[in-house]
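Please open the model in the viewer and keep the selection tool at hand. The tour proceeds by short stops, each with something to select and a description of what is found there.

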Amino acid sequence: MAQTVEELIKVLNSMRVKNEQNVKNVGKLLANINNKLESMSGNSDADDLVKVYLNELKNVLEERNTVAVREYSKRCICI
């Protein structure tokens, strides 16, 4: 039984670490999208379309990330 508990703790800890890495990566991605949005001049229709697309993508990623973190936090057993 103790070995099973030890294995479960290892798995949960590795899942927690991987989740933290994913959250950081999503944060970097969102920051990069935001930087791109700020740097675009918006002088052409194509720029405007790309800005709208990137803004929507950013919003979807933020929402998914928020939901994932919230759901993981509900189910997470902090060790």
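How many helices and how many strands does the secondary structure of the chain contain? The chain has 2 helices and 0 strands. Please bear in mind throughout that this is a predicted model.

**The whole chain**

Begin with the entire chain selected and its surface displayed. The chain has 79 residues, of which 8% count as buried. About 6400 Å² is exposed, and carbon and sulfur atoms supply 57% of that area. Next, consider the contacts between residues at least 6 apart in sequence: 60% of these join residues at least 24 apart.

**Helix H1: Arg16 and Glu20**

Now select residues 2-39, which form helix H1. Within this selection, display the side chains of Arg16 and Glu20. What joins these two side chains? They meet in a salt bridge, with a distance of 3.2 Å from N to O. A search of the whole structure finds 1 salt bridge.

The positions of the two residues deserve attention. Because Arg16 and Glu20 are 4 residues apart in helix H1, about one helical turn separates them. Side chains of opposite charge can pair when their charged atoms come close. Arg16 is partly exposed, at 32% relative accessibility, and Glu20 is likewise partly exposed, at 39%.

**Helix H2: Lys58**

Move on to residues 45-75, which make up helix H2, and select Lys58 within this helix. Is Lys58 buried or exposed? Lys58 is buried, yet it has no salt bridge. Display Glu62 as well: this is the nearest side chain of opposite charge, and it lies 4.1 Å away from Lys58. A salt bridge requires the nitrogen to be within 4 Å of a carboxyl oxygen, so the separation of 4.1 Å between Lys58 and Glu62 does not qualify.

Keep Lys58 selected and add its contacts. Which residues does Lys58 touch, not counting those up to four places away in sequence? They are Leu30, Ile33, Asn34 and Leu37.

**Pairs of positions distant in sequence**

The last stops each concern two C-alpha atoms, and a distance tool will be useful.

First, select Leu29, a residue of helix H1, together with Lys58. These two residues are 29 apart along the chain, and their C-alpha atoms are separated by 8.5 Å. Leu29 is partly exposed, with a relative accessible area of 40%.

Next, select Asn55 in helix H2 and then Ile33. The pair is 22 residues apart along the chain, with 7.8 Å between the C-alpha atoms. Ile33 was also met above as one of the residues that Lys58 touches. Asn55 has a relative accessible area of 34% and counts as partly exposed.

Finally, select Thr66, also found in helix H2, and Val23. In sequence they are 43 residues apart; in space, their C-alpha atoms are 9.5 Å apart. Thr66 is partly exposed, its relative accessible area being 44%.

Terms used. Residues are numbered from 1 along each chain as its sequence is written. This is a predicted model: local features need pLDDT of at least 70, side-chain atom pairs count only at pLDDT 80 or more; totals for chains, interfaces and linings use all residues. Side-chain values use heavy atoms; hydrogens and water are left out. Buried means under 20% relative accessible area, exposed over 50%, partly exposed in between (1.4 Å probe, protein chains only). Lys and Arg count as positive and Asp and Glu as negative; His and the chain ends are not counted. Contact means heavy atoms within 4.5 Å. Accessible areas come from the Shrake-Rupley method with a 1.4 Å probe; for residues, only the protein chains shown count as cover.
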